[in-house]
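Visitor: Please take one part of this model and give me a close look at it, at the level of individual residues. I would then like to see it set against the rest of the chain.

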Amino acid sequence: MKELQQIIQKYMTTIKRNSLFHGISDEEITSLMGCLHARCQEYVKEQHILHIGDAVHEVGIVLDGNVHVVKDDFWGNASILANISAGDVFAESYACSGSPISEVNVVTASKSLILWIDFSRILGTCSNSCQFHTRLIHNLITSMGNKNRMLTKKIEHMSKRTTRDKLLSYLSAESLKAGTASFTIAFNRQQLADYICVDRSAMSNELSKLRTEGILDFDKNTFTLYY
């Protein structure tokens, strides 16, 4: 428990960025970790955190690193549904469902440290009668609403008919999120192709055309858009 408390203190700023803990003080968060049966686990790059078919009873928060939510079809073709970076939560939609079985794989994109909390302890009555426990439940609902908005944005990109339009839709959204015309995305080329569900070669060709046309420029995963 002492080791967990040390990790919590080290990553408190990251934890407080998560909407689950909005409006909850450092001291209250530390107290909550015992109530929520929290635990931390390290993972190496490209390690599966969750597999399709796994029972999900815990909610994960990325303290350090980066993970991808991936859906594979019958033939093994992967589609990245979401990128989860430090401070973000995952698996909450499965943990709170009537049948908490994962329908996706969750895989680390880099060495990662995950904080796991028991979902049943979020909804259950706290034996210590924490006044901030109600706030946590409210925040959980807000977090799930934000996750639905994120998936809606992905559907918006996916609904475009051409690879070019999908690329521009995604890059435009990332630019607006960053608040600048120059920004860095969380995906390499293959991951970006998987995310917007296009062929990597076709996407690379389209990027080259967009650069030639003066619409954008890029260096690895850093992009600049032009009017």
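The lining of the largest pocket

Guide: Sorted by class, the residues lining the largest pocket comprise 12 nonpolar, 9 polar and 8 charged ones. This is a predicted model, and the values that follow are computed from it. The pocket has a volume of about 840 Å³, and its lining consists of 29 residues, with Asn 83, Asp 88, Met 150, Lys 153 and Lys 177 lying nearest the centre. Two or more lining residues come from each of four elements, namely strand S5 (78–85), helix H6 (133–158), helix H7 (163–178) and strand S9 (182–184). Among the contributors, H6 gives the most, with 7 residues.

Because H6 has that leading part in the lining, Ser 143 is a useful place to look at the helix, since this residue belongs to H6 and is buried, at 4% relative accessible area, which is under the 20% cut-off. Once residues up to four places away in sequence are set aside, Ser 143 touches Ser 19, Val 89 and Glu 92. Looking along the chain instead, Ser 143 and Met 158 are 15 residues apart, and their C-alpha atoms are separated by 23 Å.

Helix H7, another of the elements that give two or more residues to the lining, can be followed through Thr 163, which has its place in that helix. With a relative accessibility of 19%, Thr 163 counts as buried, because the class takes in values under 20%. Apart from neighbours within four places in sequence, Thr 163 is in contact with Val 198, Ala 202, Met 203 and Glu 206.

A further residue to consider is Gln 191, found in helix H8, which covers residues 189–196. Gln 191 has a relative accessibility of 18% and so also counts as buried. Its contacts, again not counting residues up to four places away in sequence, are with His 68, Ile 80 and Ala 186. Ile 80 falls within the range of strand S5 (78–85), one of the elements that give two or more residues to the pocket lining.

Two loop residues may be set beside these buried ones. Most residues other than glycine have a negative phi. His 37, however, is not a glycine and has a positive phi of about 50°; His 37 lies in the loop between helix H3 (26–35) and strand S1 (39–43), where it counts as partly exposed at 46% relative accessibility. Lys 220 likewise has a positive phi, near 60°, without being a glycine, and is found in the loop between strand S10 (216–219) and strand S11 (222–225). Lys 220 is exposed, with a relative accessible area of 68%.

As for the chain as a whole, the protein has 9 helices and 11 strands. Its radius of gyration is 19 Å, close to the 17 Å that the globule rule gives for 227 residues, so the protein is as compact as a globular protein of that length. The C-alpha trace spans about 60 × 40 × 30 Å along the principal axes. Of the 227 residues, 44% are buried, while the accessible surface comes to about 12300 Å², with 51% of it belonging to carbon and sulfur atoms. Among contacts with a separation of 6 or more, 71% are between residues 24 or more positions apart.

Methods
Residues are numbered from 1 along each chain as its sequence is written. This is a predicted model: local features need pLDDT of at least 70, side-chain atom pairs count only at pLDDT 80 or more; totals for chains, interfaces and linings use all residues. Side-chain values use heavy atoms; hydrogens and water are left out. On a 1 Å grid over the protein atoms alone, a cavity is a set of points where a 1.4 Å probe fits but cannot get out, and a pocket is an open set with protein on both sides within 12 Å along at least five of seven lines; lining residues have an atom within 4 Å of a point. Grid points are joined across faces, edges and corners, and a volume is the space filled by probe spheres set on the points. Ala, Val, Leu, Ile, Met, Phe, Trp, Tyr, Cys and Pro count as nonpolar, Asp, Glu, Lys and Arg as charged, and the others, Gly among them, as polar. The radius of gyration is taken over C-alpha atoms; the globule rule is 2.2 Å times the number of residues to the power 0.38. Buried means under 20% relative accessible area, exposed over 50%, partly exposed in between (1.4 Å probe, protein chains only). Contact means heavy atoms within 4.5 Å. Accessible areas come from the Shrake-Rupley method with a 1.4 Å probe; for residues, only the protein chains shown count as cover.
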